[in-house]
Amino acid sequence: MGTFRIEGGKQLQGEIIPQGAKNEALQILCAVLLTPEKVTIHNIPDIVDVNKLIFLLEDLGVKIQKRGHGSYTFKADDVNLDYLQSSQFKQDGRGLRGSIMLVGPLLGRFGKGYIPKPGGDKIGRRRLDTHFEGFIKLGAKFRYNREEYFYGVEAKRLKGTYMLLDEASVTGTANIVMAAVLAEGTTTIYNAACEPYLQQLCKMLVQMGAKIFGIGSNLLTIEGVTELGGTEHTMLPDMIEIGSWIGLAAMTRSELTIKNVSWENLGQIPSAFKRLGIQMELIGDDIHIPKHDKGYEIQNFIDGSIMTIADAPWPGLTPDLLSILLVVATQARGEVVIHQKMFESRLFFVDKLLDMGAKIILCDPHRATVIGHDFKSTLKATTMTSPDIRAGVSLLIAALSAKGTSTIHNIEQIDRGYENIDERLRAIGAEIVRV
């Protein structure tokens with residue numbers, strides 16, 4: 001179990017470039033299975049979860065060449081479908097939540113897709129019903145081996161249909177779209193997710209020859225085609241990482257510039273931080289955060305009531321940033337309610353912030369009330385363990401703001417989502433050591 005040792009209470013300064021988007025990568029990489037032709041992808045983040053998926057593709061028989069940092073070519077012209085039934089796949093696929101998105105393209109192109117029950121962050125129940133109900137509506141037969149926790153779908157040829165998703169699942173929508181692009185006839189998906197990463201997937205598929213209409217809306221219409229070709233695609237910067245760096249700058253009262261943020265794809269993220277009183281300036285496509293030497297003050301609603309910040313399906317606020325916003329609020333002036341609607345366990349890391357001296361009332365599994373310190377009392381250094389990717393980075397930000405030496409164990413969770421985070425933090429003045 002890896003460990004970070006952090007000497008906190010230091011002001012940072014400089015520029016930081018966000019990595020490619022993890023959540024986009026997990027979709028885009030699976031889409032290479034839809035064609036036997038070469039697909040080139042740029043700005044792939046060098047993180048554990050993405051690298052696991054690349055290894056899975058290689059084991060499936062996809063020919064992979066690394067062209068440079070973050071750039072790869074993929075050619076799925078000789079896919080080994082027997083690997084899907086192997087004990088090795090049942091073991092490897094279980095360790096990665098994103099492996100579920102292999103099923104859609106495999107089903108669409110080869111008529112079958114299998115997956116062991118995938119793992120991932122322990123942040124509450126994340127069911128797979130949306131994925132498989134979509135495949136069944138397209139004409140696939142579903143089977144499930146309860147002893148091995150192994151799922152499968154099979155179909156001679158998928159047929160387009162109308163479907164109303166029971167939830168606007170990003171991965172569920174992506175999986176169904178990747179199956180439907182090669183289905184016979186027209187598929188209409190209502191209550192589809194419309195996050196920028198899903199839009200990126202759809203745009204890439206269109207470049208490959210797919211016919212998808214309504215991209216960016218919650219109503220997608222897909223006219224099936226018989227085959228797809230190769231393409232070249234560049235991924236967006238990771239919006240969650242951008243939000244993390246905004247939070248880091250505020251908590252450490254540092255002057256930072258976040259480069260090439262793709263501002264038009266950040267949605268509610270900048271305004272959520274502004275509600276906490278964080279100042280920022282857009283310069284070209286860079287975000288500049290000045291030193292908040294006088295702190296920052298949480299806004300109230302117009303009737304004077306306490307601000308509530310909650311997650312919602314896009315274009316609402318992404319749930320992945322609520323833990324960062326919660327940490328930032330611990331040093332604000334004022335109070336805020338953080339309402340995590342989509343995952344019932346994601347606020348359970350606040351006990352570690354309480355140990356650091358934060359004033360937080362955990363109302364229930366979904367809501368926490370934060371009373372800010374206004375920097376009149378700094379957080380205290382402590383020893384803690386990272387429970388998941390986003391909470392881990394939130395605790396890292398807290399540790400960087402706290403005076404003294406903090407220790408964070410289980411940093412493999414952080415490495416799953418953030419590329420060389422310790423090296424990049426040291427480049428802007430952080431004192432952090434990987435033990």
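Me: What is pLDDT, and what does the chain average?
Reply: pLDDT is the predictor's confidence in each residue, from 0 to 100. The model here is a predicted one. Its chain has an average pLDDT of 94, and 98% of the residues reach at least 70.

Me: Over which residues does pLDDT stay under 50?
Reply: That stretch is residues 120-125. For these residues the model has 17 contacts beyond four places in sequence.

Me: How should the pairing of strands in a sheet be read, and what is the order of the open sheet that contains β13?
Reply: Strands of a sheet pair through backbone hydrogen bonds, either parallel or antiparallel. In this structure, an open sheet of 4 strands follows the order β4-β5-β3-β13, and its pairing is mixed. The edges are held by β4 (63-68) and β13 (231-234); each has a single partner strand, so one side of each lacks a neighbour in the sheet. From one strand to the next, the twist averages 20 degrees.

Me: How many bridges join β3 to β5, and do the strands run parallel or antiparallel?
Reply: Strand β3 (residues 38-42) and strand β5 (residues 71-75) run antiparallel and are joined by 4 bridges. One pairing to locate is that of Thr40, whose bridge partner in β5 is Thr73.

Me: Which strands does α1 lie across?
Reply: Helix α1 lies across β3, β5 and β13, and its direction is at about 175 degrees to β13.

Me: What is the order of the open sheet that contains β17?
Reply: This open sheet of 4 strands has the order β17-β18-β20-β19, again with mixed pairing. At its edges are β17 (307-310) and β19 (359-364), each of which pairs on one side only. The twist here averages 20 degrees from one strand to the next. β17 and strand β18 (residues 335-339) run parallel, joined by 4 bridges. Within that pair, Thr308 has Val337 of β18 as its bridge partner. Helix α10 (residues 322-329) packs on the sheet and touches β17, β18, β19 and β20 (367-371), with a direction at about 165 degrees to that of β18.

Me: How is the angle between two helices read, and at what angle do α1 and α6 cross?
Reply: An angle under 35 degrees counts as roughly parallel. The axes of helix α1 (residues 22-31) and helix α6 (residues 170-180) cross at roughly 15 degrees and come within 11 Å. That angle makes α1 roughly parallel to α6. The crossing of α1 past α6 is right-handed. On the α1 side, Gln27, Cys30 and Ala31 meet Val170, Ala174 and Met178 of α6. By class, the residues of this contact comprise 5 nonpolar, 1 polar and no charged.

Me: Which residues make the contact between α6 and α7?
Reply: The axes of α6 and helix α7 (residues 196-207) come within 10 Å and cross at roughly 10 degrees. The two helices are therefore roughly parallel to each other. α6 contributes Val170, Thr173, Ala174, Val177 and Met178, while α7 contributes Leu198, Leu201, Cys202 and Leu205. The contact divides into 8 nonpolar, 1 polar and no charged residues.

Me: At what angle do α8 and α12 pack, and how far apart are their axes?
Reply: Helix α8 (residues 239-251) and helix α12 (residues 389-401) pack at about 20 degrees, with axes 9 Å apart. They are therefore roughly parallel to each other, and α8 passes α12 in a right-handed crossing. Residues of α8 in the contact include Ser244, Gly247 and Leu248, and those of α12 include Arg390, Val393 and Ile397. This contact has 7 nonpolar, 3 polar and 1 charged residues.

Notes
Residues are numbered from 1 along each chain as its sequence is written. This is a predicted model: local features need pLDDT of at least 70, side-chain atom pairs count only at pLDDT 80 or more; totals for chains, interfaces and linings use all residues. Side-chain values use heavy atoms; hydrogens and water are left out. Axes are lines fitted to C-alpha atoms, for helices over the stretch in contact, and angles run from 0 to 180 degrees between N-to-C directions. Angles under 35 degrees count as roughly parallel, over 145 as roughly antiparallel, 65 to 115 as roughly perpendicular and the rest as oblique. A crossing is left-handed if the near helix is turned anticlockwise from the far one by less than a right angle, and right-handed if clockwise. Contact means heavy atoms within 4.5 Å. Ala, Val, Leu, Ile, Met, Phe, Trp, Tyr, Cys and Pro count as nonpolar, Asp, Glu, Lys and Arg as charged, and the others, Gly among them, as polar. Two strands pair if DSSP finds at least two bridges between them.
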